[in-house]
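Me: I would like to learn how to read a structure feature by feature. Could you take me through one, starting at the surface and working inward?

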Amino acid sequence: SKSTGTMVLAELGNKISGALRKLQKADVVNEETMKECLNAITTALLQSDVNVFQVKKLKDAVTMQFKVQEQQGADLRNLIKTAVVTELSKMLDCERKPFQPKKGKANVVMFVGLQGSGKTTSCTKYAYYWAKKGFRTCLVCADTFRAGAFDQLKQNATKVRIPFYGSYSETDPVVIAEEGVSKFKKENFEMIIVDTSGRHKQESELFDEMKQVAAAVNPDEVIFVMDSSIGQACKDQAMAFRKAVDVGSVIITKLDGHAKGGGALSAVAATESPITFIGVGEHFDDFEEFDAKSFIKRLLGLGDIGKIVDIVKEAVPLEDQPKLLEKIQSGEFTLRDMQGQYKSILKIGSFSQFLSLLPGLGSNFMNKGTEKESIAKVKRSLCILDSLTADELDGIKPLKEGRILRVAKGSGTNVMEVNIMLEEYKRLKTVVEKMGKMKLGKGGDLQQLARNPQQMMQKMQGMMDPRMLKQMGGMGNLMNMMKEMGGMEGLGGLGGMGGMGDMAGLGDMMKMMGGGMGGAGGAGGRRK
């Protein structure tokens, strides 16, 4: 079954990208084909509950650009695609820049919203997000209205190991908020998140209480949490909250389960409060930073190379890149290198989110079940690798039967699992050796390859799973991605390789995600 995070939104994405694909294949692009394409897109947007005026605005803007450029003999297929992406991004974008917390000082963030909107869960996801970024994070439960609110926050906070404050006996939320915030400020916490009471509807009592808590804790940011299932109605709700307290940004939840997500996203953007995060599932890492242009490009399966580069930079620090590059060039790959790669993979966060950044894959490529399985596999392999001695990790002492038995016992696994991990290692080692034989970056070879892209394409083709390659739009598309990566700054040696190192790294990651790229390809193949 397709239980993928942003399933319903992905459906909207598929309809829009389907219309754009049809346009790409059309023999001739004229006003008629453009109108047909726009009609399919506007129907899909209206079905997703996007406001009719916003849809009309998009249609008019794209038509206008088409008419202006048609006379000048421009590439109309690309023009329409770019115009659609730009207009959709504008629809979800807002001029106001969201709050950026600063390290080394107390950032107080207050969460508000109606009951049932996923506020308490979002507080925890938000706390977990900043904790992973290295902030000293904590939670304060000032929701005294809902029975069990403190218990829920306590359970959530414990699961993600984040300190919390609340009270079973105190009924005044203002007192709890004030006490909690001053306690954590004294303890030098950098991110203090205050969860407030929600109600079933916008009651004046709720707004009064919100104002009192805000006055008591003087937050640096107020975040409004909103359930996307109400679609366009989000706009009125966000406006009402903004009148009561200074809402700085919005988190939209439950984008994974119904048809009105598009309407909710565009309605909120219209209130001029930036959407900073979106919730796409119940797990604590089903939480994505929201960037309108990147979101639209991924929704339409166009990928986002810039974001990939940022993630790879975070997973493989700049100072480690020359070493990694040297290893790839020499074709060397030890179990210690594999351990490093696995650790990098876990830093990436959600695999499905990461894969959706690759052009052609889209947000539905890897389902949650496959993702969980892959993460569990990586973690099990790390347990096994942690049980090896330094000599074993560096390949000085080979892993013979007796040693394998010791490692299995020490890591709480079994001999079969250790052998499976070793098979995986041999497979990856072969890939790295192949790359070494390509002599990338040695002497003037890279320049020669740049001059002879055919040769490069053939070599790359031999290293990639054909299904994966097809899904990513073929070899030509892959070469374009590499060129794009090569021109990006901050990738140290990897950037200098024209993106080749990146693609190699991605290839390794894919292999690990599903036991060979076939595994990742299989995840795509199993979609119904």
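Me: Which residues form a nonpolar patch on the surface?

Reply: Happy to start there, and do keep in mind that this model is predicted. To find such a patch, look for nonpolar side chains that lie together and are accessible. Here Leu46, Val52 and Phe53 make one up, with about 330 Å² of accessible area together. Val52 belongs to helix 3, which spans residues 52–70.

Me: And what about the accessible surface of the protein, how much of it belongs to carbon and sulfur atoms?

Reply: Carbon and sulfur atoms contribute 52% of an accessible surface of about 23800 Å². As for the interior, 52% of the 528 residues count as buried.

Me: Now to the inside. Which residues touch the most other members in the largest nonpolar core?

Reply: The general idea comes first: in soluble globular proteins, nonpolar side chains tend to be buried together. In this model the largest nonpolar core has 72 residues, and Ile16 and Leu45 are the ones that touch the most other members. Helix 4, residues 76–92, supplies the largest share of this core, with nine residues. Apart from it lies another core of 24 residues, including Ala149, Leu153, Ala157 and Val225.

Me: What is Ile16 in contact with, leaving aside its neighbours within four places in sequence?

Reply: Ile16 is in contact with Ile41, Ala44, Leu45, Val84, Leu88 and Leu300. For the chain-wide view, take the contacts with a separation of 6 or more: 74% of them join residues 24 or more positions apart.

Me: Is Phe99 buried or partly exposed?

Reply: The cut-off for buried is under 20% relative accessible area. Phe99 has 24% relative accessibility, so it counts as partly exposed. Phe99 sits in the loop between helix 4 and strand 1 (107–112). Beyond four places in sequence, Phe99 touches Asn107, Val109, Asp220 and Glu221. The C-alpha atoms of Phe99 and Glu221 are separated by 6.6 Å, although these residues are 122 apart along the chain.

Me: How many disulfides does a search of the whole structure find?

Reply: For a disulfide, two cysteine sulfur atoms must lie within 2.5 Å. The search finds zero disulfides. Cys123 is in none, and the nearest cysteine sulfur to its own is that of Cys141, 8.7 Å away.

Me: Why is there no bond from the sulfur of Cys141 to that of Cys123?

Reply: Because the sulfur of Cys141 is 8.7 Å from that of Cys123, its closest cysteine sulfur, the distance is too far for a bond. Cys123 counts as buried at 0% relative accessibility, and Cys141 counts as buried at 2%.

Note on methods
Residues are numbered from 1 along each chain as its sequence is written. This is a predicted model: local features need pLDDT of at least 70, side-chain atom pairs count only at pLDDT 80 or more; totals for chains, interfaces and linings use all residues. Side-chain values use heavy atoms; hydrogens and water are left out. A nonpolar core is a set of buried Ala, Val, Leu, Ile, Met, Phe, Trp, Tyr and Cys residues joined through side-chain atoms within 4.5 Å. Buried means under 20% relative accessible area, exposed over 50%, partly exposed in between (1.4 Å probe, protein chains only). Helices (H or I, at least four residues) and strands (E, at least two) are DSSP runs, numbered from the N terminus. Contact means heavy atoms within 4.5 Å. Patches are made of residues with over 30% relative accessible area and no salt bridge: like charges are joined within 9 Å, nonpolar side chains (Val, Leu, Ile, Met, Phe, Trp, Tyr) within 5 Å. Accessible areas come from the Shrake-Rupley method with a 1.4 Å probe; for residues, only the protein chains shown count as cover. A salt bridge is a side-chain nitrogen of Lys or Arg within 4 Å of a carboxyl oxygen of Asp or Glu.
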